[in-house]
Amino acid sequence: MKVELVIGASSGLGQALVRLSMVEPDSRVIAISRSTLPPFTHPDVQWICCDNSPGAIARAVEALAPFAGIITRITLCNGRLHDHGIVPEKKLEQLDEQSLTRLLHSNTIVPALWLRALIPLLHATPQVVLSVLSARVGSIGDNRLGGWYSYRASKAALNQLLQCCAIEAARRAKGVKLVAYHPGTVDTRLSRPFQQRLRPEQLLSPEQAARHLMQVTAELMPDGTLSYLDWRGKTIPW
Ligand SMILES: NC(=O)c1ccc[n+]([C@@H]2O[C@H](COP(=O)([O-])OP(=O)(O)OC[C@H]3O[C@@H](n4cnc5c(N)ncnc54)[C@H](OP(=O)(O)O)[C@@H]3O)[C@@H](O)[C@H]2O)c1
C-alpha cells in the first residue's frame, strides 16, 4: 500500500494527477485543496479541505501522520499567474504592490508553509519524491524576455526556499527527494489567456502533463539535493 499526496488538488494539473494516481494498484490518494466541494469523488481518494493557514496546514499534516511511512509521492501544485485584479506585468509601471504581495503569498509563502510542516512528518519516510510546481520562468539564467515580474520573482524565490529546504532535508529527512518542477505549458485556467500564439504541439493537456510528471519523478532517488527539472526530465539552469 502506498499513499500519494496532492496539495492544491483543484488545479488543472492536480486533478489530473489525482485521477491518474487513484487507478494505480494498491494506491490511496490524499487530495488537499482550499475548495470545499471536491471536483469528483472516488473510494480511493480522500479530500481534505485546507485554507493554507498555518493552523489548517498543521491539522492537515496531523491527519497524515498514520501514513507517513508509506507516502511515496507528494506534489504541491499551488500557484497563480493571474487572478482578480492580478495581471502579469509587461513593463515596470504595471508592477503593483498588492498583486506582487498576493502572488508571493500563493506561489512562495504557501508552499514554504507546507514544507515547514511536511519535512518533520517525513523524517523517517524511506523514499518520497516531493515535487513543487515551479516554472521555467522562475529561472534567472533562462530569463531573456523579461516581464511577468511578480510571477517570475515568486517562482525564483520558491526555488531558493526549496534549495534551503533540500540542504536541511539531507540531514533531517534523508528519504526525501526534492524537485522544483516545470510542467510545460499546460491547458489549464492558469495558461488559458496566454495560449493564442502557441502551436498545438506546444500545449500539453493536464493528463499528458500529469503523466510526464509521474514518469520524470519515478526515476528519481533521494540524494540530498534539489533538482530543477522540466517535463522532459531536463535540468533547467537556476
Ligand atoms: N499551466 C501551466 O502552463 C503552468 C506552467 C508552468 C508552471 N505551472 C505551475 O503549475 C501549478 C499548477 O497550475 P495549473 O496550471 O494547474 O493552474 P490552476 O488550475 O489555475 O491551479 C491553481 C492552483 O493554485 C492554487 N491556488 C490558487 N489560488 C490560491 C491562493 N490564493 N492561495 C493558495 N493557493 C492558491 C490552487 O489550489 P486549491 O486546490 O487549493 O484551490 C491550485 O493548486 C502552479 O504552481 C503553476 O504556477 C503551470
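These legends go with a handful of close-up views of the structure above.

**About the model.** This is a predicted model, so local features need pLDDT of at least 70 and side-chain atom pairs count only at pLDDT 80 or more, while totals for chains, interfaces and linings use all residues. Residues are numbered from 1 along each chain as its sequence is written, and side-chain values use heavy atoms, with hydrogens and water left out.

**View 1. Asp26 and Trp148, two loop residues with positive phi.** Most residues other than glycine have a negative phi. Asp26 has a phi near 55 degrees, and Trp148 has one of about 50 degrees. Asp26 sits in the loop between α1 (12-22) and β2 (27-33); helices (H or I, at least four residues) and strands (E, at least two) are DSSP runs, numbered from the N terminus. Trp148 is in the loop between β5 (128-133) and α4 (149-172). As for cover, buried means under 20% relative accessible area, exposed over 50%, and partly exposed in between (1.4 Å probe, protein chains only). Asp26 counts as exposed because its relative accessibility is 59%, whereas Trp148, at 27%, is partly exposed.

**View 2. Lys2 and Glu4, part of a salt-bridge network.** Side chains of opposite charge can pair when their charged atoms come close. Here a salt bridge is a side-chain nitrogen of Lys or Arg within 4 Å of a carboxyl oxygen of Asp or Glu, and by that rule the count comes to 13. One of them joins Lys2 and Glu4, at 3.8 Å from N to O. Lys2 is partly exposed at 26% relative accessibility, but Glu4 is buried, with just 2%. Salt bridges link this pair with Glu24 and Arg73 in a network.

**View 3. Arg136 and Asp230, a salt bridge between distant parts of the chain.** The closest N and O atoms of Arg136 and Asp230 are 2.9 Å apart. The partners are 94 residues apart in the chain: Arg136 is in the loop between β5 and α4, and Asp230 is in strand β7 (residues 226-230). Arg136 is partly exposed at 25% relative accessibility, while Asp230 is buried at 4%.

**View 4. Glu207 and Arg211, a salt bridge within one helix.** Both residues belong to α5 (residues 206-218), four residues apart, or about one turn of the helix. Their closest N and O atoms are 2.8 Å apart. Glu207 is partly exposed, with a relative accessible area of 42%, and Arg211 is partly exposed at 42% too.

**View 5. α3 and α4 side by side.** How are these two helices set against each other? They are roughly parallel, a label for angles under 35 degrees. Their axes come within 9 Å and cross at roughly 10 degrees; axes are lines fitted to C-alpha atoms, for helices over the stretch in contact, and angles run from 0 to 180 degrees between N-to-C directions. Contact means heavy atoms within 4.5 Å. Residues making the contact include Leu100, Leu103, Leu104 and Ile119 of α3, and Tyr151, Leu158, Leu161 and Cys165 of α4.

Notes:
Parallel < 35°, antiparallel > 145°, perpendicular 65-115°, else oblique.
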